[in-house]
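A fresh page in my notebook, and a new structure to look around in. Here is what I looked up, one stop at a time.

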Amino acid sequence: MSDHGEQTSEHQPTFRYSATLAQDIELRWQDRWDADGTFEAPNPAGPLADAGRLADYGDKLFVLDMFPYPSGAGLHVGHPLGYIGTDVYSRFKRMTGHNVLYTMGFDAFGLPAEQYAVQTGQHPAITTDANVANMRRQLRRLGLSHDRRRSISTTDPEYYRWTQWIFTQIFNAWYDTEQERARPIAELIDEFASWRRATPDGTPWDALSPDARRRMIDDHRLAYVSDAPVNWCPGLGTVVANEEVTADGRSDRGNFPVFKRNMRQWMMRITAYADRLIDDLDLLDWSDAIITMQRNWIGRSHGARVDFASAVGPITVFTTRPDTLFGATFMVLAPEHPLVDQLTTADQADAVADYRRQAAAKKDADRQDDTREKSGVPTGSTATNPLTGEEIPVWIADYVLMGYGTGAIMAVPCGDQRDFEFARRFGLPIPAIQEPPATWFAERDIEPSLDTATWPEAFVGDAPYVNSANASLVLDGVGSVNEGKAMTTAWLAEHGLGEPTVTYKLRDWLFSRQRYWGEPFPIVYDDAGNPYPLPDSMLPVQLPDTDSFSPRTFDADDEFSNPESPLDRLTEWVNVTLDLGDGPKTYRRDTNVMPQWAGSCWYELRYLDPTNADRFVDPSVEQYWMGPRTDVRPDHPGGVDLYVGGVEHAVLHLLYARFWHKVLYDLGHLSSKEPYARLFNQGYILANAFKDERGIYVDAFSVTEADGHWYHDGNEVTREWGKMGKSLKNAVSPDEMYDAYGADTLRLYEMAMGPLDASRPWETRDVVGMYRFLQRLWRTMVDESTGRSIVSDDVADEETRRLLHRTIDIVRTEMDALRFNTAIAKLIELNNHVTKVVNANGSAPREVAEAMTLMAAPLVPHIAEELWSLLGHDDSLARHPFPVADPALLLDDEVEIPVQIRGKVKARIMVPADADEALITSIALADDKVIAALEGADPSTLRKVIVVPGRMVNLVP
RNA sequence: GCGGGCGUGGCGGAACUGGCAGACGCGCAGGAUUUAGGUUCCUGUUCUUCGGAGUGUGGGUUCGAGUCCCACCGCCCGCACCA
């Protein structure tokens, strides 16, 4: 960076806006903002209340960044893109009369922090604290207008005390499917005990043993211990959630193999909220892309449950196409289906056992390999198609998944591509039950026929049914799938063989991890292994200090290893004597920790009331900052006004946080139904990365270009795009930019590069453009040799005033819409014009200089504060009203409009701004160029004249 | 395969509900300042055979299309045997 730095030399004027001067200005204002508490946002109640400032600052606005992991590598210039965006927006909103809550915390628990600590051999608490301190320094140097009083770290016991408290709330809650909300578990016990609610198996409450009662209650809790298939990752030494497993069956952290194993683990009943998590997406101002991803992840399908009679009892399937039931010619069960043992006949026993063993040995990854050739074996048994009465064979195959629907399907080979392939492979019959339209055959280049042997694939869509009738249900001739579904479902319900039902892809959330660096569970077990939540008075359960924080990991492929939590080893901590209300007893602590997502499920709520020792957040404070805003829309769900972050959290953090928020809402702790009313996904900063012939990344900053090729140490290297980062050896640190140009230039460059939601390549050489602009802005108001203001009290000329007010008008609009790149372009245009005025007159008019300073302030706050002070103001401009355009100056008396002949621009004419069609036409027809372009055509015979007043004229001869 | 998004100068990107394509910045070229380089400033910069042509390709709607519709090509993202 040395060729960018050292801008000051003896040739330069003393008060030129150089990197050194910028640094001096920036550090000075950062200190002053802190000293004055400039960005502290008052609360309506509690320790941070300030009624006077609350009244002064205006409407509330909660602006939130996705908080970072404090990794050891520190920041590169890609990280703060979103933070700069939210800071500019927050500063703009303060100047337009808003009380803005804007702060930053640290998501410091979790695997990355722990792995870093393991690498360096230092306790995670020490490395985490150091990393947090370093990131705080780097972020402060950017001039972000955070309310520092509200900053939190998820690893602070005063914070995770409440994470644990929320866990006990969830543990002590159940989901009432009639009222469609979570309720305290005590109310369920009360309903069972008082006969208002029947117990699941009908046994009277009084007749149940205490253990049976406990089991029944525990089965209803929203946080529960379950012995179920989970994702075991030996390479990480822990189990992980479905959302943390990639499509090819590996961990998203570390890329280790993941195995399905039955283990006893904590689960959260997020599936109870599946419908609300989908339905409430309609209330959110989020991008369609993220909404679609959440909807797909939850995966709600409407269909029907159908019972097929068999010798061992009914086999229940789920189908989205009950209308095709007449075409069901066989059934397929997942290999793990519980009825397989009973269904398997003696002569199929060996084949079935073999197949099940193969399927079990396959990892998820192999089960969805690229060939996807169908495999399976018959069980030897049959079941009865309820519509046709036919006996159809029952197979097992691994293309049917135990984890979705009922783990069994009815196979309709003519109407489902997978069933079609399976039937072809094993020579099973494929009767047609719909007559596809002629176009379907034409597109596949075959003759229309109901003989499916000629079909290349299954038919899916609307078409008249054939061969679909029994004594009491006739679909033949019906042309609509929806109608067919309705008729079949009604028939099934009438005969007690099925009913409409809904199924989901979403599974319950695996919530425990066998690691050290996370929140301990606020749970202890008695001698019988029953869990007890700890009362509020015993929180927080502090993470015990130890040297052996490193988890036990295994050979990544050692499927049959078993997790060992680091906390298990700390026997003095694990075994405790507590009085939980019935006298002191010995208990064992839960030795799992929570997943890294726990702390980020509610951090925005703690920002609201960070020092409250009695509650996680004061209700009136939550109501003020996050309550529903019916002024925005009648069904506004409440929540953060603007949430900015990367798209990578589309289904992890954003789903979990919505779930917790809804539980807390149901239990009456919150007024907002959703945590994040508006979500904005910022893009990434990309950078070139270079690989040598071995495929190893080389230092991107020592690569040179010649004739369109790139060289490193004389060897040619290949270029590719990538996210900026250490692993690609292309990271640029913000510290380098501070030294070379200052923080304001870096901020301005990142905002000017392009729209905030687009990813864009970093080009260090482009940064100088914004630096030059700030130098020119400085020079329009400051004498470079004396450092004094050159602003005059002269009135600006008409042209300048009109340009100023047009600029104000546009900049306000663009900043409000987060389009900072275009706002910056307009400010540069204005400043370029003012530069000419200064060159001509020796000074800039005050009204222009002040407005320009205020407009630049959200983007480049340090230089703006300095200029504001040089212009004679004592106070910070942080809450000075943003300039307002004078409508009278937005309208010109005369405007230039283009004249088109047949849609091509041939001339430009000046017309009065309020000219009507007739006047514009006559002016256009009198123009020399127009007359020439019409080539003698008589104006009175024009076929068409289109006039858009104030915009353009189009003449068609 | 299914779903979503995007293709504009040498580069990053502008262009409101269809109405002057290429704002602003980088780079490049020329000039001024400077002993010189760098810095800073000024001017020019889509291509062009100077008629025009031009927003990935081909078609359509329209007085008028980067913008709307259809097909295709290319790139990016998500999901992936979900019954």
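**Entry one: a serine in a loop.** I began with serine 145, which is buried, because its relative accessible area is 0% and buried means under 20%. I should jot down early that this is a predicted model. Serine 145 sits in the loop between helix H5 (124-141) and helix H6 (157-171). Which side chain does the side chain of serine 145 make a polar contact with? I found aspartate 87 there, at 2.6 Å. I then listed the contacts of serine 145, leaving aside its neighbours within four places in sequence: Phe39, Asp87, Ser90, Arg91, Arg94 and Tyr102.

**Entry two: an alanine in a helix.** Next I turned to alanine 212, found in helix H8 (residues 210-218). Is alanine 212 buried or exposed? Its relative accessibility is 16%, so alanine 212 counts as buried. I also checked alanine 212 against threonine 127: the two are 85 residues apart in sequence, and their C-alpha atoms are 47 Å apart in space.

**Entry three: two helices that pack.** I moved on to helix H22 (residues 743-752) and helix H25 (residues 820-841). They pack at an angle of about 115°, and their axes are 7 Å apart. H22 and H25 are therefore roughly perpendicular to each other. Which residues meet here? From H22 I noted Leu748, Met751 and Ala752, and from H25 Phe820, Asn821 and Ile824. Sorting the residues of this contact gave me five nonpolar, one polar and no charged.

**Entry four: the RNA.** My last stop was RNA strand B, which has 54 residues around it. Of these, Tyr404, Arg418, Asp766, Arg908 and Arg951 come nearest. I sorted the residues of the surface near the strand too, and they divide into 20 nonpolar, 16 polar and 18 charged.

What do the atoms of RNA strand B within 4 Å of the protein belong to? I read that 62% belong to sugar or phosphate, and the rest to bases.

Then I wrote down three atom pairs:
- Tyrosine 404 has a side-chain N or O atom 2.4 Å from a phosphate oxygen of RNA strand B.
- Threonine 320 has a backbone N or O atom 2.4 Å from a sugar or linking oxygen of RNA strand B.
- Glutamate 829 has a side-chain N or O atom 3.2 Å from a sugar or linking oxygen of RNA strand B.

Notes
Residues numbered from 1 in each chain as written. Chains lettered and ligands numbered in written order. Predicted model: local features only at pLDDT ≥ 70, side-chain atom pairs only at ≥ 80, totals over all residues. Heavy atoms only, no water. Axes fitted to C-alpha atoms, helices over the stretch in contact; angles between N-to-C directions. Helix = DSSP H or I, 4+ residues; strand = E, 2+ residues; numbered from the N terminus. Parallel < 35°, antiparallel > 145°, perpendicular 65-115°, else oblique. Contact = heavy atoms within 4.5 Å. Nonpolar A, V, L, I, M, F, W, Y, C, P; charged D, E, K, R; others polar. Near = heavy atom within 4 Å. Polar contact = N/O pair within 3.5 Å; in protein donor to acceptor, adjacent residues only side chain to side chain. Buried < 20%, exposed > 50% of the residue type's maximum accessible area, 1.4 Å probe, protein only.
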